[in-house]
Amino acid sequence: MPSGRWWLLPERITAMSNRLKLLLVVVLCVLMVASGGLFIFSVTRPSAAYDPSKVRLDVKLLTRNEILTCAYKVYGDNNQDMWVAKTIIKNVGKMPARNFKISYKVGDLTEWNSGETYAEIRPGQTVRDYCFPPLNQQKVEAITTKTPVELTVRYDYDGLKEAEEESEKLFLLGKNDFVFTSLKEADIITFADNFDNYRFIAAFITPNEETTKAFANAAAGGLETRATDEDAIAAFESAFEALRTHGVKYIMEPSGFWTGGASQYVQYPKETIERNSGTCLDLAITMSAMMEAVGVKSYVALIPGHAIPVIETPQSGDTYAIESTFLDKDYAVSKHGDVVSPDVTASECISLAKQELEKAQDDGTIIYINPEFWWKEGVMPSW
Amino acid sequence: MVKARRYFTLIAAAALLAVLLAAGLTHAAESPTVNETYKVTVDTVGDGHVADTIKYSKDDYEAIKKVQSKKRGFLTRRYTDEDTTGELVDFNTDMMDDSHSVVITYDKPGMAYSTKGDFVLYGYSAKPKEDSGRTFTFEETSTVNSEFTLFTDQTFKTTSVITLPPEATSAHYDSADKALKYNMPAAKAAYGFWSDQKVLFSVIFGILFLAFAALLVFVYTRKPVEVAALPAPGPTPEAPQAGHKFCEQCGSKLTSGEHFCTNCGASA
């Protein structure tokens, strides 16, 4: 038979020898076992079809150790980086997770927030979800010392029988507690590292608060502070004199012992006016707030161990600083009588402050806090 | 006055800098521009692999190197602070003496967000200078203070090169969100190719198995041909006698008048 006639194969096989038959049987057995094995392998492979019961997620909740309640509005603004908590979700399985919903609650200071929904988290994908809680103003205002609070995260996704919750404790600092830097002490190397949280000082500058505004308006009455340099400077000196006349004294700050080393008890302008006393930072903040209240652009300059209020005049853009601690005449004369006259005039204090700032500028140890800039950036006045 | 302990910390920091840098901070104002190349490669699940090369002048580089040798956390402290807790992995810093550069590398899982299937990379305030559809180049000049560098008010010229995964489609810059956006193919279970084609492979190998089994049965049940025994060797065969016929197939003697060999059945 011609070899090309395959249809005659059965006849050939019929006519084959024992040896050929044995060979064919062995080959067919091997092929059958191989294809059978691959069939079983295929059938037992996990299905690529979506099966929510196979979703495996690793969910980790992280919180900040301390929350500066003075800047509580910042924590509620998701345009800032000041998250209160973050959840890191990693899909460690092979199946995509679908409709992952997450929301947070901070003790009794917030309700459950509306949260975020992630339509899909792919196998191997990591999602970072941040908590920016709108804290209740009345409740925050009542916090005067470091207070623990429990933050709870709740999440759910397709395939989960019921929503899961995790909690972490964090601490809310008192509304007057200010921590200058959140860096570890070992990581504080440059001057600016000491004032890592400097922008939150802008939250203490409250020009629209009633007492502050009334006090500033009375001091700057009749002056065209927005129009002329002279009137802006006059208003600056007038505010200084008004605080002096009001009897405000310079004091060392009360201990903020519960907040640790890099911190200070900082007063709002209203408190400084009502208490008739303040630290250098309190006085600089008060002067800044009063100037902003009457439309003069202001700054607070931080230099090593000290804070000084500064204004920028509307026409020339020149800056003027004033040694605001010297509004306490007794302190100025008794401690710095060699550099001031017995009257400790405002113009003297402006001259002294200029020298201090120039020296700090030369040393590269100065930070200007521009409240208007930071308010625009979301660090709004607290009250 | 700012709290006393704060004051001492400031003095200590200033003293450290004075010792380490000698003229470090005083030459800060005239520090030359720093060239930074920030390269990000984003993988298929949105993880970013970052290589940040910061090239300083020789003097600035030497000053930084001195501080880094004393304070190991100097170059990393901003990457490992509370804000970035849990976000960066495999962080590494190299000082490149020959090029006066600092090279910082790290991975950032979940760098690109995806909420509705599309991916978003935030944080690019200006339009890209170059856009190849997969690689985007941004340029930005900024002034950073000593929060981020050793010197006050140092100017950084930063070139950011973002490379998206090959599967990315519809990549574009969104000026409203100041973000880079792109799409990825639909997600599927990551069990591999065999699982994806499970049904097809099951059918193919099932059929093959049955076919081989049938063939095996067929072959096994065939009766093999019984090969006839060869005649035993004997004396030299006699010369065929005239008038006798022999089978051409097996050589058996044929009886006259037979049409088939009685031994092998071949045609006579």
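Biologist: In this predicted model, what do the buried residues of helix 10 of chain A pack against?

Modeller: They pack against helix 6 (229-246), strand 14 (306-312) and strand 15 (319-321) of chain A. Contact here requires C-beta atoms within 7 Å.

Biologist: Which residues of helix 10 of chain A are called buried?

Modeller: A:Ala346, A:Cys349, A:Leu352 and A:Ala353. Buried requires 20 or more other C-beta atoms within 10 Å.

Biologist: What puts them on the same side of helix 10 of chain A?

Modeller: Their arc around the axis is only 120°, so they sit on the same side of the helix.

Biologist: Which exposed residues does the face turned away from the buried side carry?

Modeller: A:Ser347, A:Gln355, A:Glu358 and A:Asp362. The cut-off for exposed is 12 or fewer C-beta neighbours.

Biologist: How does the reach of helix 10 of chain A compare with the span expected at 1.5 Å a residue?

Modeller: Helix 10 (residues 346-363) has 18 residues and reaches 26 Å from its first C-alpha to its last. The expected value is 26 Å, so the two are close.

Biologist: What follows helix 10 of chain A?

Modeller: A:Gly364, with a positive phi near 70°.

Biologist: Now the sheet. What makes strand 2 and strand 5 of chain A edge strands?

Modeller: The open sheet has 5 strands in the order 2-8-7-4-5, with mixed pairing. Strand 2 (66-67) and strand 5 (116-121) each pair on one side only.

Biologist: How do you know that strand 4 and strand 7 of chain A pair?

Modeller: Pairing needs at least two bridges. These antiparallel strands are joined by 6 bridges, so they pair. In strand 7, A:Val153 stands opposite A:Tyr104.

Methods:
Residues are numbered from 1 along each chain as its sequence is written. Chains are lettered from A and ligands numbered from 1 in the order in which they are written. This is a predicted model: local features need pLDDT of at least 70, side-chain atom pairs count only at pLDDT 80 or more; totals for chains, interfaces and linings use all residues. Helices (H or I, at least four residues) and strands (E, at least two) are DSSP runs, numbered from the N terminus. The arc is that of the directions from the helix axis to the C-beta atoms. Two residues are in contact if their C-beta atoms, placed from the backbone, lie within 7 Å.
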